[in-house]
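This report covers a helix pair and a pocket. The coordinates are shown first.

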Amino acid sequence: RRESLRGHTSWPLVVDGDDLLNENERVITAICSLAQLDPTGIVKTWNPISEEIQQHQPDNVRRFLSTLQASNGIIKSGLKGENIVIEEEAQKWVKEFGHEIANRLKEAVEALMEDYLYLAQFRI
């Protein structure tokens, strides 16, 4: 049962990844409170993974985890899902992935936007 837009009293918890990155203290505190977890156990900083360890990882794992493994803490994304202009993002996707994949991504985002916006109203 849902009671209000940001007054969570029900499950499942809806966590927006951009909120988690950009407002991590607020979101982590809320999750811990709602799940009755001790927030002092949350790791927010760490040491980057050495090149020596990374060289033993498969290439696809190394590429997938490259930003995380090079970081020493949570990196703010600066993005907010509800403020993204799909056409602008699609132009970036063309440069990064090529026309075919960019078009498929754009179609998927457009098809799922209604679901995203529905869930976003229940996010922490």
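## Helix packing and the largest pocket

Helix 5 and helix 6 are roughly antiparallel to each other, because their axes cross at roughly 150° and angles over 145 degrees count as roughly antiparallel. The model is a predicted one. Helix 5 spans residues 86–97 and helix 6 residues 99–120, and their axes come within 7 Å. The crossing of helix 5 past helix 6 is right-handed.

On the helix 5 side, the contact is made by Ile86, Glu87, Ala90, Trp93, Val94 and Phe97. Helix 6 contributes His99, Ile101, Ala102, Leu105, Lys106, Val109, Glu110 and Met113.

The largest pocket holds about 240 Å³ of space. Its lining includes Leu21 and Trp46, along with Thr67, Leu68 and Ser71. Gly73, Ile74, Ile75, Lys76 and Ser77 also line the largest pocket.

The table gives both sets of residues by class.

| Set | Nonpolar | Polar | Charged |
|---|---|---|---|
| Contact of helix 5 with helix 6 | 10 residues | one residue | three residues |
| Lining of the largest pocket | five residues | four residues | one residue |

Notes: Residues numbered from 1 in each chain as written. Predicted model: local features only at pLDDT ≥ 70, side-chain atom pairs only at ≥ 80, totals over all residues. Heavy atoms only, no water. 1 Å grid on protein atoms, 1.4 Å probe; cavity = no way out; pocket = protein on both sides within 12 Å on 5 of 7 lines; lining within 4 Å. Points joined across faces, edges and corners; volume = space filled by probe spheres on them. Nonpolar A, V, L, I, M, F, W, Y, C, P; charged D, E, K, R; others polar. Axes fitted to C-alpha atoms, helices over the stretch in contact; angles between N-to-C directions. Helix = DSSP H or I, 4+ residues; strand = E, 2+ residues; numbered from the N terminus. Parallel < 35°, antiparallel > 145°, perpendicular 65-115°, else oblique. Left-handed = near helix turned anticlockwise from the far one by under 90°. Contact = heavy atoms within 4.5 Å.
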